[in-house]
Amino acid sequence: MSTTDHTVTLVAVHGNGGGGFRFARAAPHVPTEIRFEAVTLPGFGGRPAEPGVVTMADHAEVLWREIADLPRPLVLLGHGIGGSIALDLVQRHPVDGLIIHAPVGTRLERRWFPRLMRPRAVRRTIQWGISSRVTRPLVGRRFFSSAVPREYVDRFLGEYARAESFSLMFDVITPEWWDALAPVEVPAVLLWGDHDRVLGADQVDDYRRLLPRSVIDVVPGWGHFPMVEEPERYAAVIAGWAEMLAGGTVVDLPRLATGRLVPTLGDRVGSKAALLDRAAAAGVLVPPAMVVPDGSEAPTSVPLAAPVAVRSAFSAEDGDIRSNAGRFATVLGVDSSDRELLTAAVATVRESGDVTGSPVERRDVLVMEMVDALVAGVAFSEPGWEDDLVEWVTGLADGLVGGTRRGESIALPRLRPGERPDRGRPSWQQRLARLLREVRAVFGDEGWDVEWADDGEQCWLLQVRPVTVSPVRDEVFTIANHREILPDPPSVFMTSLIAAGSRELFEYYRRFDPALPTDRPFIEVFDGRPLINLSLMTDLVRSLGLPTRLVTDSIGGADHVAAGPRPARVVRRAPVLARMGLAQLGALGYARSRLAELDALVATPAADLVEAVRRARTAHVTTVDGMTALNTAASGPTALLRKLGVLEEHAARQRTATSRMLADLGSMGIDDWLEQHGHRGIYESDLARPRYVEDPAPVLALGGAQRAGATPPRRTARGRLTWPLWLLARRPMAAREQFRADAMRSFLAIRRDLLRLAADAGVADDELWLLDIDEVVALDRGELPTPELLAQRRAEQDARRARPIPEVVRRFGPLDPVADGGPDGATSSVLGGIGLVARSVEGVAWVLDEPAHELPDGFDPATTVLVAPSVEPGWMASFGLVAGVAVEIGGDLSHGSILLRELGLPSVTNVAGLRARARTGDRIRVDGRRGTVELLAPATAP
């Protein structure tokens with residue numbers, strides 16, 4: 001390139017102790033269209049001092065003599081004393097632009113270092129200490145990072161020994177020299193690093209009096225020698241400013257993270273730029289960026305490394321109510337030194353504000369260095385979730401953000417302060433987890449939509465905006481606890497009743513931690529079944545630092561997260577855990593108060609269906625609330641007893657209300673038994689199901705075949721030692737079964753009210769339960785269901801009976817029962833679960849969807865193994881007819897599990913995929929010690 005092809009000549013002047021070599025690392029990165037000259041002044045860098053060159057004016061004249069004939073436009077860059085000499089030069093000689101980088105001159109009388117350097121002996125000592133081969137390694141580590149080659153550092157420091165004028169500078173740069181300087185109307189940039197420990201950036205405003213046409217650029221992260229530490233970025237910055245100064249004007253482009261954004265642009269600055277500025281100022285990794293203010297001319301260049309992204313930072317975007325994400329133009333890959341491309345990109349972005357329908361009040365433009373992304377994407381970080389929702393692609397995420405490219409989704413566990421990411425995850429995910437934690441630390445744990453990019457070494461924040469509409473996440477739901485207590489499918493009435501009480505059901509946990517989410521459903525309906533939000537429950541225990549198995553072992557269901565304990569989080573959440581612990585100690589009293597509320601609720605008959613439905617909803621919520629308190633009190637010690645292998649030993653000796661109900665069949669007449677227990681029934685939690693007092697056929701059919709409790713396992717030394725722990729589990733466990741038994745009296749009363757009032761309205765018993773609660777309430781207004789509606793509901797329920805759904809489903813996943821078995825369920829003959837009674841039995845499978853009280857022809861009770869979707873006390877007649885039980889869904893504290901342990905039946909629960917594999921007549925083995933069900937041979941054809 002010939003000299004005339006250069007757009008600007010940029011002359012760099014060094015600081016004290018060195019020469020032009022100080023710019024050697026940056027020089028190769030200066031764009032070729034800029035002629036870059038790094039001079040060495042007399043008395044520095046091995047150049048001999050010149051006689052008569054004593055004052056600052058003398059040094060300035062020598063410099064002018066050497067640069068006066070260089071091609072124009074001419075921009076002068078002075079670093080340290082080089083900036084001071086440049087300030088003196090422009091007092092008498094014209095240049096087209098001036099960049100002074102951390103100059104020396106102001107506040108000399110107040111700074112400790114100039115005072116220290118007054119004695120010449122101190123100057124000589126300092127000069128030797130910097131340049132000596134003995135001290136260079138220590139000084140080098142103080143000044144520079146390990147990224148700077150040792151050879152360069154060695155020469156850099158060695159030049160101090162050859163700087164004849166090093167001491168002279170402390171004599172000529174004086175307060176008197178500073179006071180004699182006059183303001184100069186030259187376009188200028190005051191360049192500083194915010195981490196400069198030699199000359200602090202707090203001095204930058206002092207120079208504006210001398211350079212009224214100057215702008216300030218304080219670069220985040222820079223120290224005193226960025227031309228050495230970050231040569232490529234330094235070259236981009238000085239070249240960008242030189243290009244702009246060469247045009248005769250300089251646009252004030254406030255850089256992010258300098259504290260100048262709002263003072264320069266005003267408090268109406270767009271949220272996008274303001275949020276990024278705040279994040280960068282707090283130390284979050286944000287790519288270097290500047291803002292072109294609204295109303296300013298598009299810059300011919302920017303002091304950023306190429307390429308850059310030119311994006312809107314308008315006042316109309318990224319608010320709390322409306323984000324306007326993607327509404328305005330973005331131009332990627334712009335060469336920051338190409339004035340035509342940059343000008344066009346800024347114009348394109350600004351013009352995009354004209355085509356959006358509503359006028360944009362302010363149109364600032366954000367120019368940001370692009371990240372050489374290996375992986376990029378967006379993340380939603382919202383309170384009330386233990387995972388951040390991340391969508392990612394390889395390379396740039398512009399297609400993903402713009403909706404033209406499909407990415408992959410992951411749930412990334414949130415990190416609390418002091419926590420480390422999972423080292424088993426890809427490194428970019430670990431860095432992203434830390435970045436999202438930093439975003440929450442800066443802005444608070446609110447809803448944030450984060451755009452990010454990872455270059456393989458660092459994860460960068462590209463944009464952060466408030467979440468205005470939360471994404472619908474692919475949460476996991478389980479039918480586990482409901483399948484135990486409800487038929488499949490439940491009645492339409494009961495399903496709608498449970499769903500209506502979803503918010504109230506979760507309030508039990510929010511008593512202890514008000515920060516728990518209020519907008520996540522605890523219950524959702526899938527194909528006519530009310531499912532429990534397993535993701536919400538596992539998030540609850542994860543937030544407390546507890547293992548997720550506490551949930552799944554208690555209520556059943558697959559542990560889809562499999563998160564272990566986090567001791568540090570347990571400590572941090574100790575106040576919440578303490579409140580929960582105190583509540584567990586008072587669980588029995590709390591349950592009694594809930595039972596009293598149920599008794600009061602049904603003390604008088606309901607006057608209308610509105611009241612009856614309200615009572616039904618209240619009764620359901622109150623019952624679940626009391627049961628939850630007792631279940632929570634029992635779950636901890638029960639889990640420990642299971643882990644220690646003594647749960648069965650203790651539980652087999654206990655008799656609760658459930659097992660007594662079965663035992664009383666052998667000691668009571670049927671009338672007395674119905675008086676005592678007739679309010680119970682099969683799947684009694686569904687108000688649609690009859691009670692034994694209404695339909696005693698299952699009890700009568702059982703007759704004398706009821707089963708006495710098996711001989712308990714012998715006591716062991718470990719069992720005796722864990723007796724105190726069993727005491728903690730026994731009382732809430734027994735109280736839980738008694739609470740359920742007593743609560744069912746209220747259910748019976750409510751059921752009778754509903755049937756009576758529906759009959760008065762002209763709706764038959766079997767029709768009532770096909771209606772949802774809103775339709776039942778409408779009966780009071782005379783709005784009767786049509787025959788077509790009832791026929792449709794019957795058909796839907798029949799189809800559901802023939803189409804069971806998996807134990808665990810995802811919101812966006814299939815409801816195919818085959819999915820229930822997991823990846824191994826289709827091939828393995830051994831299925832795992834939770835052993836309840838440590839005995840084994842081999843026999844013929846009897847597969848049921850609901851309890852039955854007669855064995856199939858040819859089946860022998862001694863060799864029959866019941867296979868059930870779930871079990872509860874209503875299955876007691878079936879238990880009396882079999883030698884073992886295998887259950888698809890259940891947990892340690894499921895009602896059926898408690899009963900099976902007390903009966904001593906060999907049994908295994910929570911066997912995922914069991915019903916999809918087993919058929920009536922198959923030969924199977926149930927091993928309660930190992931917690932397995934083995935499929936031995938298929939049924940023999942008749």
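These legends walk through a predicted model, starting with the whole protein chain and then moving to single residues.

**Figure 1. The whole protein chain, with its 36 helices and 27 strands.** Welcome to the full view. Along its principal axes, the C-alpha trace spans about 125 × 70 × 55 Å. The radius of gyration of the protein chain is 39 Å, whereas a compact globule of 942 residues would have one near 30 Å.

**Figure 2. Inside and outside of the protein chain, where 55% of the 942 residues count as buried.** On the outside, the protein chain exposes about 38300 Å², and carbon and sulfur atoms supply 53% of that area. Contacts also tell us about the fold: among those between residues at least 6 apart in sequence, 70% join residues at least 24 apart. As for charges, the chain holds 108 positive and 123 negative ones, and the mean positions of the two groups are 7 Å apart.

**Figure 3. Glu382, in the loop between strands β11 and β12.** To find this spot, follow β11 through residues 375–381 and look before β12, which covers 387–394. Is Glu382 buried or exposed? Glu382 is buried, because its relative accessible area is 6%, under the 20% cut-off.

**Figure 4. The surroundings of Glu382, with Arg473 as a polar partner.** The side chains of Glu382 and Arg473 make a polar contact at 3.2 Å. Not counting residues up to four places away in sequence, Glu382 touches a group of residues that includes the charged Asp388, Arg414, Asp445 and Glu446. Gly447, Val467, Ser470 and Pro471 are also among the residues touched, as is Arg473 itself.

**Figure 5. Thr623, a buried residue of helix α24.** Here we move to a helix that runs through residues 609–644. Thr623 counts as buried because its relative accessible area is 7%, again under 20%. Which residues is Thr623 in contact with, leaving aside its neighbours within four places in sequence? They are Leu598, Phe739, Ala743 and Phe747.

**Figure 6. Leu640, also found in helix α24.** Leu640 counts as partly exposed, because its relative accessibility is 44%, in between the 20% and 50% cut-offs. So helix α24 holds both buried Thr623 and partly exposed Leu640. For a sense of distance, pair Leu640 with Pro293: their C-alpha atoms are 64 Å apart in space, and the two residues are 347 residues apart in sequence.

Technical notes:
Residues are numbered from 1 along each chain as its sequence is written. This is a predicted model: local features need pLDDT of at least 70, side-chain atom pairs count only at pLDDT 80 or more; totals for chains, interfaces and linings use all residues. Side-chain values use heavy atoms; hydrogens and water are left out. Helices (H or I, at least four residues) and strands (E, at least two) are DSSP runs, numbered from the N terminus. Buried means under 20% relative accessible area, exposed over 50%, partly exposed in between (1.4 Å probe, protein chains only). A polar contact is a pair of N or O atoms within 3.5 Å; within protein, one must be able to donate a hydrogen and the other to accept it, and residues adjacent in sequence count only if both atoms are side-chain atoms. Contact means heavy atoms within 4.5 Å. The radius of gyration is taken over C-alpha atoms; the globule rule is 2.2 Å times the number of residues to the power 0.38. Accessible areas come from the Shrake-Rupley method with a 1.4 Å probe; for residues, only the protein chains shown count as cover. The place of a charge is taken as NZ of Lys, CZ of Arg, CG of Asp or CD of Glu.
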